[in-house]
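Welcome to the tour. Please open the model in your viewer and keep the selection tool at hand.

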Amino acid sequence: MKMKRNARIELVILLALGGGVILTMLLPQVAARRRAAPPAEVSVILREADTALWSNVRLGMEQAAGELGAELRVLTPAGNNDGAGQLDLLRREAGQTAVLVIAPADCAGLDRALAETGAGCPIVSLESPLAKADLTVAPDNAALGAALAEAALAQGGEGYVLLLSASPDSAGVAARLEGARQALEAAGARVRVGETDLSGTGLADLLKQPDLSAVMAFEPALTEQAAALKDSLGLDLPLYGAGVTARGAAWLERGVISAAAAWSDFAVGYLAVEGAMALARGQAAQTEQLPFFIVRGEEIYEPEYQKLLFPVG
C-alpha cells in the first residue's frame, strides 16, 4: 500500500517536472512573438499649435506607448482652433492609423463630417465629447466650471464677473463656461461674457473694463494669456483659470492667477493611449471622467498636487 502511494507521488512529481520543461520551452517563443508583433499606430491631433500646452499630456502618452507598444504620431493644425485644418488631418490619418486621438476644435463640424463619411478607425476624444468617439477622456466640464465659480464667489466683489470665451466650438470649454455662468447667476452675481480668440485679440480691452470684480478663463492657453496681460497692465483684478501648465504654475505662485481648476494632464495622456490600444485590439474601452481640484498658488507644491501637476518625465 505504501509503495503504491509512493509511486503516485513520484508520478505527480514527474508530471510537474515535465510540465515545467514544456513551459520553459514555450515561454521564450511566446515572448519572442510579442516582441515581433508590430506596434499599433496611434495618431494624435491637437487643437492648438503651441504644443508646450500639451507637454504633460504627451509625457503620459509616451509613458503608455512605451508600456503598451503604441507608435505615436502627434500632429497640430496650422493655427489654434483650426477646425477645418483638424478635419484635413483626420481624413489624412484615418487610413494610416489604428486609432485616432483628437482634441476637437470644432465639435459640431467634426460630428457632421464623421456622420457623413466615418473615420475608418476607432476615435478617442480629449477634453470634449464627440458623437462618434469610442472613448472620451475629460473631466466633468460643467462641474469644473461651477467649482471655479464657487472659488470666485468666495472672494466676493460687487462688479461683473467676466467670463472669457475663446473656443466657442469646443464643447468641453463651452460647458465649463456655462457651468460657471449658471453657478454665478444662481448666487446672484452679475455676469458678462467677453469674446476673444487664442491669439489674444481684444483681450486687453476686455480686461481693462472698469466695472469688473473678477475674470475667469476656461482653458490653459487663454488662462496664460490673461495672466500675462494682467501682469503687464498692472491690473489688480482676481483671475481664475483652468489647467496648470508650467507657465501657469508660475503665475499661480506669484498670485497673478488667484486659483485654477486643474486635473492631471499626465493621466489624460496615459488614459487616452491606454484606451486607444484597447480599441486597437478590439477590446471595449470605457469613458474616463477625470477628477479635478481647485488649487491656489500657496498649494501647488504640496505633495498631493505636485505629483499631479509636475510629473517626472
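Start by selecting Asp211, which counts as partly exposed because its relative accessible area is 30%. Bear in mind as you look around that this is a predicted model.

Now add Arg192 to the selection. The side chains of Asp211 and Arg192 meet in a salt bridge, with 2.9 Å from N to O. Where in the chain do the two partners sit? Asp211 is in the loop between helix H7 (203-207) and strand S8 (212-216), while Arg192 belongs to strand S7 (residues 191-195). The pair is 19 residues apart and links distant parts of the chain. Arg192 has a relative accessible area of 23%, so Arg192 is partly exposed too.

Next, select Glu41, Arg73, Arg92 and Glu93 together. Salt bridges that share partners join these four residues into one network. The structure holds 12 salt bridges, and two more of them make good stops.

**Along a helix**

Go to helix H6 (residues 171-186) and pick out Glu185 and Arg181. Their side chains form a salt bridge at 2.6 Å, N to O. The two residues are 4 places apart in this helix, which is about one turn. Are they buried or exposed, or something in between? Glu185 is at 41% relative accessibility and therefore counts as partly exposed. Arg181 has a relative accessible area of 23%, so Arg181 is partly exposed as well.

**A buried pair**

Move on to Arg47 and Glu48. Here the closest N and O atoms of the salt bridge are 3.8 Å apart. Both Arg47 and Glu48 are buried.

**Into the cores**

Which residues have the most contacts inside the largest nonpolar core? Select Val101, Val124, Leu126, Val137, Leu164 and Met216 to see them. This core has 76 residues in total. Helix H10 (residues 265-280) contributes the largest share of the core, with 8 residues.

For the last but one stop, stay with Leu164 and show its surroundings. Leaving aside residues up to four places away in sequence, Leu164 touches Leu177, Gly194, Leu203, Leu206 and Val215. Its contacts also include Met216, Ala217, Phe218, Leu222 and Ala226. Met216 appears in both selections: Met216 is among the residues with the most contacts inside the core, and Met216 touches Leu164.

Finish at a second, separate core, which has 17 residues. Select Ile45, Leu87, Ala94 and Leu114, which are among its members.

Conventions. Residues numbered from 1 in each chain as written. Predicted model: local features only at pLDDT ≥ 70, side-chain atom pairs only at ≥ 80, totals over all residues. Heavy atoms only, no water. Core = buried A, V, L, I, M, F, W, Y, C linked by side-chain atoms within 4.5 Å. Buried < 20%, exposed > 50% of the residue type's maximum accessible area, 1.4 Å probe, protein only. Contact = heavy atoms within 4.5 Å.
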